[in-house]
Amino acid sequence: MPGKGDHEKWYCPCGRHMAVITRTREISPGVVADTKKKLACLPEGWMQ
Ligand SMILES: [Zn+2]
């Protein structure tokens, strides 16, 4: 499986925004907030 490791790239639906998150047991609220900021086009509540 490619991309195995603790980093993951998340792409915005628009294709122009990208965020790299570090996978941990639980993604911290700070990381969620930062990712939301970077993937600005995602609708509210995308991380369900
Ligand atoms: Zn976007």
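In which strand is Tyr11 found? Tyr11 belongs to strand β1. The model described here is predicted.

The chain has 48 residues. Its secondary structure consists of one helix and two strands. Read from the N terminus, the order of these elements is β-β-α. Strand β1 spans 7–11, strand β2 spans 18–22, and helix α1 spans 29–38. Of the residues in the chain, 15% count as buried. The accessible surface amounts to about 4,000 Å². Carbon and sulfur atoms contribute 54% of that surface. Among contacts with a separation of 6 or more, 25% join residues 24 or more positions apart.

A zinc ion is bound by four protein donor atoms. These are the SG atoms of Cys12, Cys14 and Cys41, together with ND1 of His17. The donors lie 2.0 to 2.4 Å from the zinc ion. Angles between the donor atoms fall at 100 to 115°, and the arrangement is therefore tetrahedral. For comparison, the ideal angle for four tetrahedral donors is 109.5 degrees. Along the sequence, the donor residues follow the spacing C-x1-C-x2-H-x23-C. Cys14 sits in the loop between β1 and β2, whereas Cys41 sits in the segment after α1. The pair therefore ties together parts that are 27 residues apart in sequence. Cys14 is partly exposed, with a relative accessible area of 36%. Cys41 is also partly exposed, and its relative accessibility is 42%.

Two residues of strand β1 were examined further. Lys9 lies in this strand. Lys9 counts as exposed, at 51% relative accessibility, because the cut-off for exposed is over 50%. Beyond its neighbours within four places in sequence, Lys9 contacts Met18, Ala19 and Val20. Lys9 and Ala19 are separated by 10 residues in sequence. In space, their C-alpha atoms are 5.8 Å apart.

Tyr11 is likewise placed in strand β1. Its relative accessibility is 54%, so Tyr11 counts as exposed. On the surface, Tyr11 forms a nonpolar patch with Met18 and Val20. Together these residues present about 300 Å² of accessible area. Met18 and Val20 thus appear in two settings: they belong to the patch with Tyr11, and they are in contact with Lys9.

Conventions:
Residues numbered from 1 in each chain as written. Predicted model: local features only at pLDDT ≥ 70, side-chain atom pairs only at ≥ 80, totals over all residues. Heavy atoms only, no water. Donors = N, O, S within 2.8 Å, 3.2 Å for Na, K, Ca; no water. Tetrahedral: all angles 85-135°; square planar, octahedral: opposite > 155°, others 65-115°. Helix = DSSP H or I, 4+ residues; strand = E, 2+ residues; numbered from the N terminus. Buried < 20%, exposed > 50% of the residue type's maximum accessible area, 1.4 Å probe, protein only. Contact = heavy atoms within 4.5 Å. Areas by Shrake-Rupley, 256 points an atom, 1.4 Å probe, with all protein chains shown as cover. Patch = residues over 30% accessible without salt bridge, like charges linked within 9 Å, V, L, I, M, F, W, Y side chains within 5 Å. Salt bridge = Lys/Arg side-chain N within 4 Å of Asp/Glu carboxyl O.
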